[in-house]
Amino acid sequence: MKIKQCPICFSRHYRLLSRYLPYYSLGLGERFFKCLNCGMFSLDPVPSKKRIISLYGSGQYHKRLQQQNMSWIGGSKNLENYLKKRLIKVEKMLKKRGRLLDIGAGSGVFLAEAKKRGWKIKGIELDPQAIRYARRQFGISLLNDELLNLKIPSQFFDAVHLNHVLEHVYDPVELLKRIKLILKPGGYLIIEVPNEIYPLSELIQFYLSYKLSCRYFVGKFLFREMTLVKLPPSLHLFFFNPNNLRQLLEKTGFKVVEINTPRRNDRFDRTIYKSFWMSKLIYFLERKFKLGPNIEVFALAS
């Protein structure tokens, strides 16, 4: 599908940032655009909905993650504790435990923790390998379907969780509107997406890798929009920053309560960041200017 308008603000004014995306592996000659009105970044053309669903259902997405030495189980050894802290935070915001829906539940680790803590859980997942793992490992049955196809009563859930899901969704606006309908008034939507547009640590790596070449600096940084440092074959269709994600949520009827840009791991793997003081400085700047590698949002359904 060719982009006709921005999915957030419906503007038709786009700027071409990169003619081709060599790391995006669908091989459709995708281009990378920025909406000049709200700042949303997106691919053009967007793969068809049928194509996207088939990639997850066939296990091809699992193979893509393996090529990047990542696990579809979560991609981080710290994931379980990381999500547990998020769950505790939601409980404090709600001041109770109720019904929880996890969309794109993956291995089921978030739902398993919620179940232990007394939540009534429900999960949706398209990857059959993840569904089998969740059943075998945690005894959790996940629905192999899309939210839009399910008959769920209005104002049914107290919390809905999407962890690294929204960037894969064919129509984020339609999905968020549907979530708004099934959330109780005062319920919470919790979203995390990757902060792929200029996260601080990637910017530093980018500068150092080119040794602050004057010619490169002038050509790429002063007169042209800088494109992504790296775009792995992740099937991401939209690329968020804290501002355009806030706009998207407000447009679909949510009140953003809190936005963070957290880091899952407590240390850097790259040699240039192993200095104690360098790491502390980067952590401080990431928190101060919301330039961390992920974007975490807590939004209230009114």
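**Nonpolar cores, salt bridges and backbone exceptions**

Among the 47 residues of the largest nonpolar core in this predicted model, Leu166, Ile179, Leu189 and Leu249 are the ones that touch the most other members. Helix α6 contributes five residues, the largest share of this core. When neighbours within four places in sequence are set aside, the contacts of Leu166 comprise Pro172, Leu175, Leu176, Ile191, Val193, Phe240, Leu245 and Leu248. A second core, separate from the one just described, contains 22 residues, including Leu87, Leu111, Trp119 and Ile190. In soluble globular proteins, nonpolar side chains tend to be buried together.

These cores belong to a protein chain of 302 residues, 49% of which count as buried, and whose secondary structure comes to 10 helices and 10 strands. Of the contacts in the protein chain with a separation of 6 or more, 72% are made by residues 24 or more positions apart. The protein chain exposes about 15700 Å², and carbon and sulfur atoms supply 53% of that area.

Side chains of opposite charge can pair when their charged atoms come close, and nine salt bridges were counted in the model. In one of them, Glu258 pairs with Lys89, with the closest N and O atoms 2.2 Å apart; this pair links distant parts of the chain, since Glu258 lies in strand β9 (residues 254-260) and Lys89 in helix α3 (residues 79-94), 169 residues apart. Both partners are partly exposed, Glu258 with a relative accessible area of 24% and Lys89 with one of 27%. A salt bridge also joins Arg97 to Glu91, the closest N and O atoms being 3.2 Å apart; here Arg97 is partly exposed at 43% relative accessibility, whereas Glu91, at 8%, counts as buried. The side chains of Lys116 and Glu113 meet at 3.4 Å, N to O, and these two residues are separated by about one helical turn because they stand three residues apart in helix α4 (residues 109-116). Within this pair, Lys116 is exposed, with a relative accessible area of 64%, while Glu113 is buried, with a value of 10%. In addition, Arg86, Glu192 and Glu296 are linked in a network of salt bridges.

Most residues other than glycine have a negative phi. Phe10, although not a glycine, has a positive phi of about 65°; Phe10 is found in the segment before β1 (14-18) and is partly exposed, with a relative accessible area of 41%. His164 likewise has a positive phi, near 55°, and lies in the loop between β6 (157-163) and α6 (172-182), where His164 counts as partly exposed at 21% relative accessibility.

Conventions: Residues are numbered from 1 along each chain as its sequence is written. This is a predicted model: local features need pLDDT of at least 70, side-chain atom pairs count only at pLDDT 80 or more; totals for chains, interfaces and linings use all residues. Side-chain values use heavy atoms; hydrogens and water are left out. Helices (H or I, at least four residues) and strands (E, at least two) are DSSP runs, numbered from the N terminus. Buried means under 20% relative accessible area, exposed over 50%, partly exposed in between (1.4 Å probe, protein chains only). A nonpolar core is a set of buried Ala, Val, Leu, Ile, Met, Phe, Trp, Tyr and Cys residues joined through side-chain atoms within 4.5 Å. Contact means heavy atoms within 4.5 Å. Accessible areas come from the Shrake-Rupley method with a 1.4 Å probe; for residues, only the protein chains shown count as cover. A salt bridge is a side-chain nitrogen of Lys or Arg within 4 Å of a carboxyl oxygen of Asp or Glu.
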